[in-house]
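Visitor: I have a new model on my screen and would like some friendly help with one part of it. Please start with the overall picture and then go in for a close look.

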Amino acid sequence: MAALTVEDVISRSRHGDALADTALRATARFLGVGLAAVVNAVDPSHIYVSGEITSAWDRLGPVVRAALDERTLEPSRGRADIVVVPPQGLPRLRGAAALVTTPAFAAPVVARHVP
């Protein structure tokens with residue numbers, strides 16, 4: 001049996017496959033929950049989302065937003081604009097994410113030798 005791609009699941013969902021639709025909605029919910037953790041930690045004004053899943057953003061965006069709104073700690077958090085970036089913009093998005101998050105997550109000292 002061949003593995004399904006994200007595009008296959010999206011296509012099946014759009015054609016009425018309930019299992020595919022459930023899988024996409026669950027993925028969107030988990031994405032929203034994960035984004036809420038980031039929003040609670042750093043409170044960004046914009047969230048950039050890219051990848052294959054964005055081709056179904058018309059259906060999944062509201063699910064992501066609902067999970068994000070449900071999981072943020074303060075009502076004002078989670079109101080960050082969610083910006084969908086076309087897949088060809090992904091290399092720049094990865095670079096931008098690395099530049100922004102490195103100072104927050106990089107440890108100045110990874111380990112110390114204790115004699």
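What percentage of the 115 residues of the chain counts as buried? After that, please take a close look at helix 2 (residues 18-42) and its packing with helix 3, and then at the loop between helix 2 and strand 1.

Guide: Happy to. This is a predicted model, so local features need pLDDT of at least 70 and side-chain atom pairs count only at pLDDT 80 or more, while totals for chains, interfaces and linings use all residues. Residues are numbered from 1 along each chain as its sequence is written, and side-chain values use heavy atoms, with hydrogens and water left out.

To your first question: 30% of the 115 residues count as buried, where buried means under 20% relative accessible area, exposed over 50%, and partly exposed in between (1.4 Å probe, protein chains only). The chain holds four helices and two strands, in the order α-α-β-α-β-α from the N terminus. Here helices (H or I, at least four residues) and strands (E, at least two) are DSSP runs, numbered from the N terminus. Among contacts in the chain with a separation of 6 or more, 73% join residues 24 or more positions apart; contact means heavy atoms within 4.5 Å.

Now to helix 2. Two packed helices are described by the angle between their axes and the distance between the axes. The axes are lines fitted to C-alpha atoms, for helices over the stretch in contact, with angles from 0 to 180 degrees between N-to-C directions.

Take helix 1 (residues 6-14) as the first partner: its axis comes within 7 Å of that of helix 2, and the two cross at roughly 120 degrees. That angle makes helix 1 oblique to helix 2. For the wording, angles under 35 degrees count as roughly parallel, over 145 as roughly antiparallel, 65 to 115 as roughly perpendicular, and the rest as oblique. The crossing of helix 1 with helix 2 is left-handed, meaning that the near helix is turned anticlockwise from the far one by less than a right angle, whereas clockwise would be right-handed. On the helix 1 side you will find V9, I10, R12 and S13, which meet A20, D21 and L24 of helix 2. By class, this contact has four nonpolar, one polar and two charged residues. In this scheme Ala, Val, Leu, Ile, Met, Phe, Trp, Tyr, Cys and Pro count as nonpolar, Asp, Glu, Lys and Arg as charged, and the others, Gly among them, as polar.

With helix 3 (57-71) as partner, the axes lie 7 Å apart and the angle is about 40 degrees. Helix 2 is therefore oblique to helix 3, and the two pass in a right-handed crossing. The helix 2 residues in this contact include L24, A28, L31, L35 and V39, and their partners in helix 3 include W57, L60, V63, V64 and L68. The residues of this contact divide into 13 nonpolar, two polar and six charged.

R71 of helix 3 is a good place to look. Leaving aside neighbours within four places in sequence, R71 is in contact with R29, V33, A36 and N40. R71 is partly exposed, with a relative accessible area of 41%. Its C-alpha lies 7.8 Å from that of A37, 34 residues away in sequence.

Follow the chain on from helix 2 and you reach the loop before strand 1, where D43 sits. Most residues other than glycine have a negative phi. D43, although not a glycine, has a positive phi of about 50 degrees. With a relative accessible area of 40%, D43 is partly exposed. S45 shares this loop, but at 54% it is exposed. The side chain of S45 makes a polar contact of 3.0 Å with the side chain of H46; such a contact is a pair of N or O atoms within 3.5 Å, where within protein one must be able to donate a hydrogen and the other to accept it, and residues adjacent in sequence count only if both atoms are side-chain atoms. Not counting residues up to four places away, S45 also touches A80 and D81.

The last stop is I47 in strand 1, which counts as buried at 8% relative accessibility. Beyond its neighbours within four places, I47 is in contact with residues including L35 and V39, L68, and also I82 and V83.
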